[in-house]
Amino acid sequence: MMRIKFSSKINFLLRNPLVSTPLCHHGHRFPTILQPKQPLQNGGVPSRIHISALPLRYSSEQITPDRNGNDPLHYETIEDVEPIDLWEEEEEDVEPEIGDGGDGGGIVLQSCPWGEQALSIARDVLLPFGADMELYAFKTSPRGYIYVRLDKLPNEYGCPIMDEMEEFSRQYKKKLDEAGALGKIPDDLALEVSSPGAERLLKVPDDLSRFKDMPMRVSYIEELNSRNIEKNGIFFMESIDAESGSCVWKLADVKENRDPAAKGRPLSRKQKDWRLRLPYATVKRVTLYLDY
């Protein structure tokens, strides 16, 4: 990434489209040129879109909370220090989990004293976007980073368009600046706004109905000869039985489920009629399947 000098306030920067930017795609990181365009439609696979605001950064030792009267969260920042020009990288080897503030969604504040305030501001900024847009994930870091993932419910993959992400980033930056000027939060936070991406984890059963028309990769536990064996398959969700706490799956007509000797022919009648009933508790992981 280019080295750029910023002021001590949060500054909006759409990453230079000529700079190689790491995006997540099917759980792997690889260099991709970020282009400000709409999410792919008609079967295209959307990578997660990133927008970053990179301010002049300070080390954690230089951000010190100072009590100001009755305000328990008044912050002062030491000036004239060297900027940290590398974005904080999340741990790549950690398996995503539901509620982790990343691919698993949810809210994770990591004991940041300013986290609740930053979250409240984000929710206020999101209100004018209407009920179609939600916070998929929100995470704060003790080093002063805010990670936001926006979920657009009507979109097939949940991806907002670039204009919506830019507008949210502008408004959120403005509100964070105002709160920082009042000493309610540190005034040198770094912000990343992104879409959830196709690698999001789906909640069982909450997300299943929403994506029922898309094939999903399902990892589940099956008891075989008194042993628990983990299996996985590419299925469509057929039905949910809330009373019994289970869901019924059928094979998706994708290459991975077809007989290699069938030379591209669709599933057999026996395969089409096959069903798998899984209690919620036996489902370990569900993600969207896009290789079809």
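Here is a short walk through this predicted model, one selection at a time.

**Whole chain.** Start with everything shown as cartoon: you'll be looking at 3 helices and 14 strands. Colour by burial next, and 45% of the 292 residues come up as buried. Switch on the surface and you have about 15900 Å² exposed, with carbon and sulfur atoms supplying 49% of that. If you draw contacts between residues at least 6 apart in sequence, 65% of them link residues at least 24 apart.

**The largest nonpolar core.** Now select Phe138, Ile146, Val148, Leu150, Phe168 and Tyr172; within this core of 24 residues, they touch the most other members. Which elements should you light up around them, each supplying at least two residues of the core? Pick helix H1 (115-126), strands S7 (133-141), S8 (145-152) and S9 (190-194), and helix H2 (162-181). H1 is the top contributor here, giving 6 residues.

**Zoom on Ile146.** Ignore its neighbours within four places in sequence and show what remains in contact: Trp114, Ala118, Phe138, Lys139, Thr140, Tyr172, Leu176, Leu189, Ala190, Leu191 and Glu192.

**The second core.** Hop over to a separate core of 22 residues, and select some of its members, including Leu202, Met214, Cys247 and Leu290.

**Cysteines.** Stay on Cys247 for a moment: buried or exposed? Its relative accessibility is 0%, so with buried meaning under 20%, Cys247 counts as buried. Then jump to Cys159, which is buried as well because its relative accessible area is just 1%. Don't go hunting for disulfides, though: the structure holds 0.

How values were computed: Residues numbered from 1 in each chain as written. Predicted model: local features only at pLDDT ≥ 70, side-chain atom pairs only at ≥ 80, totals over all residues. Heavy atoms only, no water. Core = buried A, V, L, I, M, F, W, Y, C linked by side-chain atoms within 4.5 Å. Buried < 20%, exposed > 50% of the residue type's maximum accessible area, 1.4 Å probe, protein only. Helix = DSSP H or I, 4+ residues; strand = E, 2+ residues; numbered from the N terminus. Contact = heavy atoms within 4.5 Å. Disulfide = S-S within 2.5 Å. Areas by Shrake-Rupley, 256 points an atom, 1.4 Å probe, with all protein chains shown as cover.
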